[in-house]
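User: Please take a close look at a single part of this model and describe it in detail. I should then like to see how that part relates to the rest of the assembly.

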Amino acid sequence: MLIELTGLTKRYGPVTAVEDLTFSPAPGRVTGFVGANGAGKSTTMRMLLGLTRPDSGTATIDGKAYAELQNPLRSIGAMVDSNVFHPKRSGRNALRVIARIADIPDRRVDQVLALVGLTDAAGRRVGGYSMGMRQRLALAAALLGDPATIVLDEPANGLDPHGVHWLRGLIRALASEGRTVFVSSHLLAELAQTIDDVVIIANGRLVTHEPMVGLLERTNGASLEEIFLNLTNPTPRASSHHDMEELA
Amino acid sequence: MRSLIYAELLKVRTTRMLAGTVGVVLLIATALPIFYGAAAGSGDLPSLDPASLAGMLTAPSRLAGGAVLLIGLLASAGEFRHRTVYTTRLAEPRPLRVLAAKLAAMTVIGLAVGVAVDIVAAGAGGAVLAHHGLAIEPFSHGIPRLALVMPLVLALYGVLGVAIGAVLRSTTAAVGATLIWAFVVEAILPGVTRIPELANWLPTGALREVLNTQPTAGQLAPLAAATLLLGYAALLVATSAALDRRREL
């Protein structure tokens, strides 16, 4: 399944959130989507998922806009936010509602609940879930249709260290099954352990899109965080306590 | 489309709002004939007779209508309040199909609540009449027509609720606007325009006319009133569809 973003541009009044963004996450690989707050990551993902209309450019999945997909959950599973469930509805019922829209049987609901470790809490109201549990429920919703492509916006938010470790394993397992995973995160050290390719954006524009291996070789083994900071803000920065004192 | 309608029904069923609201309505639909029976013949209230059953059947109509309207409002505007609109939109990216499913689901719920209110109100009313030694005549006094019209009226309330919620996208705004419209705008408008008959052509007046068993000159016939209400709902749905072309989530 091929995701293609071509010349994608979105403006909110005088602010350009995304500008002429073109890239295509490679099928069957985990692509990390990295950028500072307000760089345009979420806007880009929302345009891909048909939640936000681009001012120009296209975002397609196998040549079709999201809105043109027949039963999209079977093709692409997405997690855009964890607070997207009715607080009075149980976790299982929240997923059953989504499954019913997409003609997905209830047994799949129980499968994904088990996959994200929420079986025991499935009958409880979502309003009583911790943020990490909601995050897991949102992940379960993304996996409901057993899609070939998975889009995750900040999936590690709210997860404890065990949860982050679990998420890393889940993403790798999904990729090992041949799925395309497109994931944004601020946790660069964590992301570096998970992704095959990286897309870095700044101020809504593409900075680089390349395999992690090549990027690390090219930068003499610098960390993803260092690479990101250098690529998105080329001004010299304090790297030690001594430097900080000098800057002060 | 069938899956979407089932999903909308499941959404309404899986929170306590439906059971709570309908429970209160049925309780009051049971209590009203009992109170009516106890108070009949005192003050301005006429004495009980077999025709009183018609009044007992229509007594809970406004309350039931308000309840179904609220369920409809929450079914559409509530999606924005709780942000469930995101998961809905990801599963079905064509908002008009979702809106159509909501309208169909609320029609089903309105009809079901109407039938339940009919049964409860008629049962309690019949028991009150029997207690007072009066004949129960369910096929006279326009009762069959009222029993048939009640579910249709409640379905219309549900449709209007969904349409208002879809336009305003906010439960607070939708409830507030509905109350202001019903109790302020419709009360003032006929006076301001100096056209008293206008009241019958506005949504609340039209809803009242649908249940009117004996329309007089200047009042709308029940079928005309129902058609008018459908027109208001269609106008709101069209407004929502037009706005959705420009609005984003």
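The part I have in mind is strand β6 of chain A: which residue of β6(A) is the bridge partner of Ala78(A), and what surrounds the strand on either side?

Analyst: In this predicted model, Ala78(A) has Val151(A) in β6(A) as its bridge partner. That bridge belongs to the pairing of β5(A) with β6(A), which is parallel and extends over 4 bridges. On the other pairing of the strand, β6(A) is joined by 5 bridges to strand β7 of chain A, residues 180-184, and these two strands also run parallel. Within that pairing, Thr149(A) has Thr180(A) in β7(A) as its bridge partner.

The strand itself spans residues 149-153 of chain A and is mostly covered, with 5 of its 5 residues buried. Its side chains divide by direction: Thr149(A), Val151(A) and Asp153(A) point one way, whereas Ile150(A) and Leu152(A) point the other way, and all are buried.

In the domain assignment of chain A, domain 1 comprises 3-75 + 149-158 + 172-247, and domain 2 comprises 82-146. The C-alpha centres of the two domains of chain A lie 26 Å apart. Across their boundary, 8 residues of domain 1 are in contact with 10 residues of domain 2. On the domain 1 side, the touching residues divide into 4 nonpolar, 3 polar and 1 charged.

Elsewhere in chain A, another pairing has the antiparallel sense: strand β1 (residues 3-12) and strand β2 (residues 15-23) pair in this way over 5 bridges. Leu5(A) stands opposite Phe23(A) in β2(A). The two strands form a hairpin with 2 residues between them, and Gly13(A) in the turn has a positive phi of about 60°.

Helix α1 of chain A, residues 41-48, is likewise mostly covered, since the count of buried residues is 8 of 8. Among the buried residues of α1(A) are Lys41(A), Arg46(A), Met45(A) and Leu48(A). Just after α1(A), Gly50(A) takes a positive phi of about 75°.

Two loop residues of chain A may be set beside these buried elements. Lys88(A) lies in the loop between β5(A), residues 76-79, and α2(A). Lys88(A) counts as partly exposed because it has 15 C-beta neighbours inside 10 Å, where 20 or more would make a residue buried. Lys88(A) is 38 residues from Val126(A) in sequence, yet their C-alpha atoms are 6.5 Å apart in space. Not counting residues up to four places away in sequence, Lys88(A) touches Arg125(A) and Gly127(A) in chain A, and Thr15(B) and Arg16(B) in chain B.

The second loop residue, Ser130(A), is found between α3 (106-115) and α4 (131-143) of chain A. With 13 C-beta neighbours inside 10 Å, Ser130(A) also counts as partly exposed. The C-alpha atoms of Ser130(A) and Leu159(A) are separated by 9.5 Å, and the two residues are 29 places apart along the chain.

The contacts of Lys88(A) with Thr15(B) and Arg16(B) lead to the interface between the chains. There, 28 residues of chain A are in contact with 23 residues of chain B. Helix α2 of chain A, residues 91-101, gives the most to the chain A side, with 6 residues. By class, that side has 16 nonpolar, 5 polar and 7 charged residues.

The largest nonpolar core has 146 residues, of which Leu95(A), Leu137(A), Ala140(A), Leu144(A), Leu57(B) and Ala163(B) touch the most other members. The largest share of this core, 18 residues, comes from α7(B). The core also draws at least three residues from each of domain 1 and domain 2 of chain A. Leaving aside neighbours within four places in sequence, Ala163(B) is in contact with Ala233(B), Leu236(B), Val237(B) and Ser240(B).

A last element in chain B is helix α10, residues 203-210, whose buried residues are Pro203(B), Ala206(B), Leu207(B), Glu209(B) and Val210(B). Seen down the axis of α10(B), these buried residues fall within an arc of 160°, so they line one face of the helix. The elements of chain B that cover them include α4 (61-81), α7 (143-168), α9 (198-201) and α11 (222-244).

Notes:
Residues numbered from 1 in each chain as written. Chains lettered and ligands numbered in written order. Predicted model: local features only at pLDDT ≥ 70, side-chain atom pairs only at ≥ 80, totals over all residues. Contact = placed C-beta atoms within 7 Å. Nonpolar A, V, L, I, M, F, W, Y, C, P; charged D, E, K, R; others polar. Pairing = 2+ DSSP bridges. Domains from an automatic or database assignment. Buried ≥ 20, exposed ≤ 12 C-beta atoms within 10 Å, placed from the backbone. Arc of directions from axis to C-beta. Core = buried A, V, L, I, M, F, W, Y, C linked by C-beta atoms within 7 Å.
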